[in-house]
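Here is a short tour for someone meeting this chain for the first time. Please look over the sequence and the 3D view, then read on.

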Amino acid sequence: MPSPRRSVEGRPLGVSASSSSGSPGSPAHGGGSRFEFQSLLSSRATGVDPACARLRASESPVHCRGSFPQAAAGPSQAPPPPLPEEDRMDLNPSFLGIALRSLLAIDLWLSKKLGVCAGESSSWGSVRPLMKLLEISGHGIPWLVGTLYCLCRSDSWAGREVLMNLLFALLLDLLLVALIKGLVRRRRPAHNQMDMFVTLSVDKYSFPSGHATRAALMSRFILNHLVLAIPLRVLVVLWAFVLGLSRVMLGRHNVTDVAFGFFLGYMQYSIVDYCWLSPHNAPVLFLLWSQQ
Ligand SMILES: CC(C)=CCC/C(C)=C/CC/C(C)=C/COP(=O)(O)O
């Protein structure tokens, strides 16, 4: 049984015979050592001749003639049986798989690079207290307490309606983020210090960023329901963006957690808008509240 580190001819991978045909970088030549390793694994599992397995992987008769004479002995030899479907998938990893793995690698690399406030001793460690203040501005508790307080103080039906929907939006956000975090269970980056202000048990997971969902949801809500001057509108969008960025800088999240968080928060607003609660479609809710 040949070792997986060696090709079928017994040559170490990547040190192919110069007399063989094909380019030095081609799989048949061992240029793609990972490729050969997979071919051997597949042939072992199925009992197919490794050379033929490799021939199928390359899908090229040129590779067969040059590198593996036994596979090109002539038409008298019966062609090897086809490989099972799952082995062919191993040999030809899908474009989507490669793209996802590359995206993940870029995500981890970029998140580590941007995590400049992850600790006091980090390169931007002195900005960490400011980032943590920003973190509190997007936390669920101040938003929930603030909304409930305003709801109690509100004396107009229009104000109550908006605040009731804001409360619904905040609760929906907490529920959806907890649900996805619990399902995906992606760990927070290794460089994160778990010193966050009040967390739920699912907050040990990082996908998606709850702060990013809230930032997108709240800013869309505010822009749609408060009449604000242009500079204030710009400030709201800026707050959401900087809050998202601060999650990565603090080392709390990877870039994709925040990007998906923004997307989810944006979509959550569409749900809230679609299910907009009013005295017409939810009279009981409004009557109950007015009796408080
Ligand atoms: C009503 C109720 C269940 C309130 C809980 C409020 C609360 C503790 C929310 C957690 C907010 C938080 C720490 C989210 C995590 O944000 P990431 O951006 O780190 O995902």
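Of the 292 residues in the chain, 30% are buried. The model is a predicted one. Its secondary structure comes to twelve helices and zero strands. Read from the N terminus, the elements run α-α-α-α-α-α-α-α-α-α-α-α. Contacts often reach far along the sequence. Among those between residues at least 6 apart, 63% join residues at least 24 apart.

**The core**

The largest nonpolar core has 28 residues. Those with the most contacts inside it are L166, A169, A215, A216, L217, F221 and M249. Which helices each supply at least two residues of this core? They are α6 (128–137), α8 (157–184), α9 (210–225), α10 (230–249) and α11 (255–274).

Take L217 as one example. Neighbours within four places in sequence are left aside here. L217 is then in contact with A169, D173, G265, Q268 and Y269.

**Helix α6**

Helix α6 has a buried side and an exposed face. R128, M131 and L134 are buried in α6. These residues lie on the same side of α6, because they cover an arc of only 115 degrees around the axis. The face turned away from that buried side carries the exposed residues P129, L130 and L133. What covers the buried residues of α6 includes α10.

**Annotated spans**

The UniProt record is an unreviewed entry. It gives "domain: Phosphatidic acid phosphatase type 2/haloperoxidase" for residues 161–273. The same kind of record is the source of the "transmembrane region" annotation, which covers residues 162–184, 221–246 and 258–277. The table sets out the geometry of some of these spans.

| Residues | Distance between end C-alpha atoms | Helix and strand |
|---|---|---|
| 161–273 | 12 Å | 70% helix, 0% strand |
| 162–184 | 32 Å | 100% helix, 0% strand |
| 221–246 | 21 Å | 85% helix, 0% strand |

**Around the ligand**

Which residues come nearest to the ligand? There are 15 residues around the ligand, and G140, T199, S209, G210 and H211 come nearest. Helices α7 (140–153) and α9 each supply at least two residues of this shell. The largest share, three residues, comes from α7. By type, the shell divides into six nonpolar, six polar and three charged residues.

**The loop between α8 and α9**

Several residues worth a look sit in this loop. One of them is N192, placed between α8 and α9. Is N192 buried or exposed? N192 is buried, because 20 other C-beta atoms lie within 10 Å. Residues up to four places away in sequence do not count in the next list. N192 touches A118, G251 and R252. F286 lies elsewhere. N192 and F286 are 94 residues apart in sequence and 43 Å apart in space, C-alpha to C-alpha.

R185 is also found in the loop between α8 and α9. R185 is not a glycine, although it has a positive phi of about 50 degrees. R185 counts as exposed, because it has 12 other C-beta atoms within 10 Å.

P208 is found in the loop between α8 and α9 too. What is the form of the peptide bond from F207 to P208? That bond is cis, with omega near 0 degrees.

**T256 in helix α11**

T256 has its place in helix α11. T256 is buried, because 21 other C-beta atoms lie within 10 Å. How many residues apart in sequence are T256 and L103? They are 153 residues apart in sequence, with 9.1 Å between them in space, C-alpha to C-alpha.

**In brief**

The chain has twelve helices and zero strands. Its largest nonpolar core has 28 residues, and α6, α8, α9, α10 and α11 each supply at least two of them. Helix α9 also supplies at least two residues of the shell around the ligand, as does α7. The loop between α8 and α9 holds the buried N192, the exposed R185 and P208.

Note on methods: Residues are numbered from 1 along each chain as its sequence is written. This is a predicted model: local features need pLDDT of at least 70, side-chain atom pairs count only at pLDDT 80 or more; totals for chains, interfaces and linings use all residues. A nonpolar core is a set of buried Ala, Val, Leu, Ile, Met, Phe, Trp, Tyr and Cys residues joined through C-beta atoms within 7 Å. Helices (H or I, at least four residues) and strands (E, at least two) are DSSP runs, numbered from the N terminus. Two residues are in contact if their C-beta atoms, placed from the backbone, lie within 7 Å. UniProt positions are given in the numbering used here, feature names are shortened, and annotations may be inferred rather than shown by experiment. A residue is near a molecule or strand if its C-beta atom, placed from the backbone, lies within 6 Å of it. Ala, Val, Leu, Ile, Met, Phe, Trp, Tyr, Cys and Pro count as nonpolar, Asp, Glu, Lys and Arg as charged, and the others, Gly among them, as polar. The arc is that of the directions from the helix axis to the C-beta atoms.
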